[in-house]
Amino acid sequence: MITWFRRHTPAVHFLVIALAVLLYLLWPPGAILLIVLYVVALGVASMNMATNLYVDTFRHVRANGDAGGVQGRVADIALTFDDSPTEGTAQVLAILKAHDVKATFFIVGAHAAARPALLRQIVQEGHAIGNHSYSHKSTLPFRRPAAILADIQRCTETITDITGVVPQMYRPPFGVVNPGIGQAVRTSRLPCVGWSLRSFDTVTPQPARLLSRITRQLAPGAIVLLHDYPAVTPQILPELLQEIKRKNFNCVLLSPETLLP
């Protein structure tokens with residue numbers, strides 16, 4: 001059904017509008033309700049990659065073993081940082097290095113162009129990188145598929161020019177996926193990476209609350225969404241890494257081979 005919708009999205013839009021027009025002749029409030037419900041459904045699908053309505057997304061890693069305090073049993077999770085490199089990247093890198101933990105950074109091309117040394121440091125210290133668009137503008141989801149694809153390609157070219165590494169994954173800005181982004185991502189042939197655990201570190205300034213939200217939801221195979229620019233993130237990161245170790249989780253790097261739906 002989802003694959004059919006992707007192939008026939010304009011036709012579905014036309015059918016809904018035609019049905020609404022017909023319904024309007026019989027019962028105007030029903031037509032308005034139909035349009036509102038349809039728009040809301042599309043909006044929810046756009047804001048929630050887990051629906052896979054517009055493109056297949058990957059939100060977990062292969063969880064080798066099983067956590068839960070069983071000696072010798074370790075389950076894999078992945079820490080990811082969006083919008084890098086930023087003014088907070090160096091501090092996050094230092095904390096990760098001190099705890100011997102590797103993470104995956106989703107790179108904004110414009111940020112990389114402004115801070116090439118930090119991007120090179122991310123790669124040199126053994127972390128993985130992915131494409132997170134060049135511009136990261138709020139208007140990006142409303143552009144034509146060709147323009148979105150060009151933005152993806154520009155980010156890839158910028159990262160490659162700076163590091164020599166070609167990113168093999170894409171995470172849409174803001175986690176928004178609509179028909180245009182879906183088409184562009186499929187054309188790019190990059191796996192679309194989401195998350196299973198959203199920290200909300202950009203809107204949670206209280207360290208204890210943020211740490212509790214993350215640790216409560218940690219589970220084998222989790223992909224954790226963080227950002228390296230909020231002041232609160234490096235405040236909770238050392239304790240988070242200690243809790244991950246205590247719960248017998250192992251932080252792995254994302255790659256097309258480790259991703260699961």
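**Exercises on helix packing and buried contacts**

**Exercise 1.** α7 and α8 are oblique to each other; show how this label follows from the packing angle, then list the residues that make the contact.

*Solution.* The model is a predicted one.
- Step 1. The axes of α7 and α8 lie 8 Å apart, and the packing angle is about 50°.
- Step 2. Angles under 35 degrees count as roughly parallel, and 65 to 115 as roughly perpendicular. The angle of about 50° falls in neither range, so the pair is oblique.
- Step 3. The crossing of these two helices is right-handed.
- Step 4. From α7, the contact uses Pro-145, Ile-148, Leu-149 and Ile-152. From α8, it uses Gly-180, Ile-181, Gln-183, Ala-184, Val-185, Thr-187 and Ser-188.

**Exercise 2.** Describe helix α8 from its N-terminal cap to the residue that follows it, and state which of its residues are buried.

*Solution.*
- Step 1. Start at the N-terminal end, which is capped by Asn-178: one of its side-chain oxygens is 3.2 Å from the backbone nitrogen of Gly-180.
- Step 2. Within the helix, residues 179-188, the buried positions are Gly-180, Ile-181, Gly-182, Ala-184, Val-185 and Ser-188.
- Step 3. These buried residues are covered by elements including α7 (145-163) and β6 (192-193).
- Step 4. After α8 comes Arg-189, which has a positive phi, near 65°.

**Exercise 3.** What are the packing angle, axis distance and handedness of the pair α4 and α6, and which residues meet?

*Solution.*
- Step 1. The angle between α4 and α6 (residues 116-124) is about 15°, and their axes are 11 Å apart.
- Step 2. Angles under 35 degrees count as roughly parallel, and α4 and α6 are therefore roughly parallel to each other.
- Step 3. Their crossing is left-handed.
- Step 4. On the α4 side the residues are Thr-89, Ala-90 and Leu-93; they meet Leu-118, Gln-121 and Ile-122 of α6.

**Exercise 4.** Is Leu-93 buried or exposed, and what does it touch?

*Solution.*
- Step 1. Leu-93 sits in helix α4.
- Step 2. Its relative accessible area is 0%, so Leu-93 is buried.
- Step 3. Not counting residues up to four places away in sequence, Leu-93 touches Phe-105, Gln-121, Ile-122, Glu-125 and His-127.

**Exercise 5.** Trace the polar contacts that link Thr-86, Thr-89 and Asp-228.

*Solution.*
- Step 1. Place the two threonines. Thr-86 is in the loop between β3 (75-84) and α4 (89-98), and Thr-89 is in helix α4.
- Step 2. Check burial. The cut-off for buried is under 20% relative accessible area. Thr-86 has 5% and is therefore buried; Thr-89, at 0%, counts as buried.
- Step 3. Follow the side chains to Asp-228. The side chain of Thr-86 is in polar contact with that of Asp-228 at 2.6 Å. The side chain of Thr-89 also contacts the Asp-228 side chain, at 2.8 Å.
- Step 4. Close the set: the Thr-89 side chain reaches the backbone nitrogen of Thr-86 at 2.7 Å.
- Step 5. Add the other contacts, leaving aside neighbours within four places in sequence. Thr-86 is in contact with residues including His-111, Arg-115, Leu-118 and Tyr-229. For Thr-89, the contacts include Ser-84, Phe-105, Leu-118 and Ile-122.

**Exercise 6.** Which residues of the largest nonpolar core touch the most other members, and which element gives the largest share?

*Solution.*
- Step 1. The core has 36 residues, and those touching the most other members are Leu-79, Phe-81, Leu-96, Phe-105, Leu-240 and Ile-244.
- Step 2. The largest share of this core, six residues, comes from α10.
- Step 3. Separate from it is a second core of 32 residues, with Val-16, Val-193, Ile-223 and Leu-259 among its members.
- Step 4. Take Phe-105 as a case. Beyond neighbours within four places in sequence, its contacts include Phe-81, Val-92, Leu-93, Leu-96, Ile-122 and Ile-129. Thr-89 and Asp-228, met in Exercise 5, are also among the contacts of Phe-105.

**Exercise 7.** State the exposure of Ser-135 and find the partner of its side chain.

*Solution.*
- Step 1. Ser-135 is in the loop between β5 (128-131) and α7.
- Step 2. Buried means under 20% and exposed over 50%. Ser-135 has a relative accessible area of 23% and is therefore partly exposed.
- Step 3. Its side chain makes a polar contact of 3.1 Å with the side chain of Asp-151.
- Step 4. Outside four places in sequence, Ser-135 is in contact with Val-108, Leu-140 and Asp-151.

Conventions
Residues are numbered from 1 along each chain as its sequence is written. This is a predicted model: local features need pLDDT of at least 70, side-chain atom pairs count only at pLDDT 80 or more; totals for chains, interfaces and linings use all residues. Side-chain values use heavy atoms; hydrogens and water are left out. Helices (H or I, at least four residues) and strands (E, at least two) are DSSP runs, numbered from the N terminus. Buried means under 20% relative accessible area, exposed over 50%, partly exposed in between (1.4 Å probe, protein chains only). A polar contact is a pair of N or O atoms within 3.5 Å; within protein, one must be able to donate a hydrogen and the other to accept it, and residues adjacent in sequence count only if both atoms are side-chain atoms. Contact means heavy atoms within 4.5 Å. A nonpolar core is a set of buried Ala, Val, Leu, Ile, Met, Phe, Trp, Tyr and Cys residues joined through side-chain atoms within 4.5 Å. Axes are lines fitted to C-alpha atoms, for helices over the stretch in contact, and angles run from 0 to 180 degrees between N-to-C directions. Angles under 35 degrees count as roughly parallel, over 145 as roughly antiparallel, 65 to 115 as roughly perpendicular and the rest as oblique. A crossing is left-handed if the near helix is turned anticlockwise from the far one by less than a right angle, and right-handed if clockwise.
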